[in-house]
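Thanks for sharing this one with me. Here are a few notes to read alongside the coordinates.

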Amino acid sequence: MKILLINGPNLNLLGKREKNIYGDQSFEDYFKSLKTKYNNIDLEYYQSNIEGELIIKIHEVGFDYEGIIINAGAYTHTSIALRDAIAGIKTPVVEVHISNVLTRESFRHESVIGPVCTGSIMGFGLDSYRLGIESFLKS
Ligand code: DQA
């Protein structure tokens, strides 16, 4: 089973950025622990701060992989192009967020990608990504 985790803008700064919201672990470290835990599946990771690069990656894997887990960062709330990319592929996509965006500023309350994703997981810290993986294993 091939699953790709995608992180969007500013998520390369995890561990350094707004630690009170996003914690102090880098995603690279967390991803290593995921790889160890899920050594029976083909788990990959991609990060970009650039909207077009995220779209290119979604197109690239979106007809072959069994699942995509995406934290689109702030593009969650703005990017119709990302939404269209997700709508246009075959691979099911699960949206994740580290924080519970519904408890934060109102501009974070809307997800434009949510309606074209299979489901959304938010508010569990980095564990949101693990829960995203579990959702593919259980289906
Ligand atoms: C985030 C929430 C977004 O609103 C924010 O722009 C992020 C991170 C989260 O994981 O909680 O960059 O997606």
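The points below cover the ligand site and then two backbone spots in a loop.

1. Please keep in mind throughout that this is a predicted model.

2. Let's begin with where the ligand is: it sits in the largest pocket. Around the ligand you will find R17, Y22, N71, G73, A74, H77, H97, I98, S99, V101, R104 and R108. By character, this shell divides into four nonpolar, five polar and three charged residues.

3. Which side chains are worth a look for polar contacts to the ligand? In S99, a polar side-chain atom lies 2.6 Å from a ligand oxygen. For H77, an N or O atom of the side chain is 2.7 Å from an oxygen atom of the ligand. H97 also has a polar side-chain atom 2.8 Å from a ligand oxygen. As for cover, the ligand taken alone exposes 320 Å², and the protein buries 98% of that.

4. Now to the backbone. Most residues other than glycine have a negative phi. N10 is not a glycine, yet its phi is positive, at about 75 degrees. You will find N10 in the loop between β1 (2-7) and α1 (19-22). With a relative accessible area of 38%, N10 is partly exposed.

5. E18 deserves a similar glance: it is not a glycine either, and its phi is positive at about 30 degrees. E18 is placed in the loop between β1 and α1. Is E18 buried, exposed or partly exposed? Its relative accessibility is 42%, so E18 counts as partly exposed.

Methods. Residues numbered from 1 in each chain as written. Predicted model: local features only at pLDDT ≥ 70, side-chain atom pairs only at ≥ 80, totals over all residues. Heavy atoms only, no water. Near = heavy atom within 4 Å. Polar contact = N/O pair within 3.5 Å; in protein donor to acceptor, adjacent residues only side chain to side chain. Areas by Shrake-Rupley, 256 points an atom, 1.4 Å probe, with all protein chains shown as cover. 1 Å grid on protein atoms, 1.4 Å probe; cavity = no way out; pocket = protein on both sides within 12 Å on 5 of 7 lines; lining within 4 Å. Sits in = over half its atoms within 2 Å of the grid points. Nonpolar A, V, L, I, M, F, W, Y, C, P; charged D, E, K, R; others polar. Helix = DSSP H or I, 4+ residues; strand = E, 2+ residues; numbered from the N terminus. Buried < 20%, exposed > 50% of the residue type's maximum accessible area, 1.4 Å probe, protein only.
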